Amino acid sequence: MKNFDNSNPLSLNGLEDWMKQFLEDPYLLDDYQFRIDLFETQNEYIIEAELSGYQPDQIQLNVQNDAFYIKLTDCEKPPNDTVLTERVVTLPFELEKKKIEALFRNEILEIYIKKNEKRKKKKSKIKIKVL
């Protein structure tokens, strides 16, 4: 991208490098950032996060009003709650009353938010099941 000549829109100098970088990582995430995808099915919303290199005990999941927080901590260095990175997913409804399940397998975190089911207790912390 450093060689891209933006003075001439038809210049191909550097365009190939830019396309390669875009296709490999369209969001240009840094070493501590992670990808998130959001899906919707008939019965639930699904948040999927790619957490390569992280263990389940390094992941903290919390909800507050309409926001879902995914925090990655450093368990090797005390204190073990040092946040390395955090992503927030905001949805158009309150999450604290929704039934939410989280699964972690093959370095992928899957969060299932049921559309029609509610929790008995209003909680902000979500437990992760490891498969």
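**Terms and values in a predicted model**

Me: Why does Leu84 count as partly exposed?
Reply: Leu84 has a relative accessibility of 30%, and partly exposed is the range between buried, under 20% relative accessible area, and exposed, over 50% (1.4 Å probe, protein chains only); therefore Leu84 counts as partly exposed. Leu84 lies in strand β5 (residues 83-90), a strand being a DSSP run of E with at least two residues, numbered from the N terminus.

Me: On what basis are these values given?
Reply: The model is predicted: local features need pLDDT of at least 70, side-chain atom pairs count only at pLDDT 80 or more, and totals for chains, interfaces and linings use all residues. Residues are numbered from 1 along each chain as its sequence is written, and side-chain values use heavy atoms, with hydrogens and water left out.

Me: What makes β6 and β7 a pair?
Reply: Two strands pair if DSSP finds at least two bridges between them; β6 and β7 have 7 bridges, in the antiparallel sense, so the criterion is met. Ala102 stands opposite Ile111 in β7. The two strands form a hairpin with 2 residues between them, and Asn106 in the turn has a positive phi of about 50 degrees.

Me: How do you know that strand β2 is joined to strand β7?
Reply: Strand β2 (residues 44-50) and strand β7 (residues 108-118) run antiparallel and are joined by 7 bridges. Ile46 has Tyr112 as its bridge partner in β7.

Key:
Helix = DSSP H or I, 4+ residues; strand = E, 2+ residues; numbered from the N terminus.
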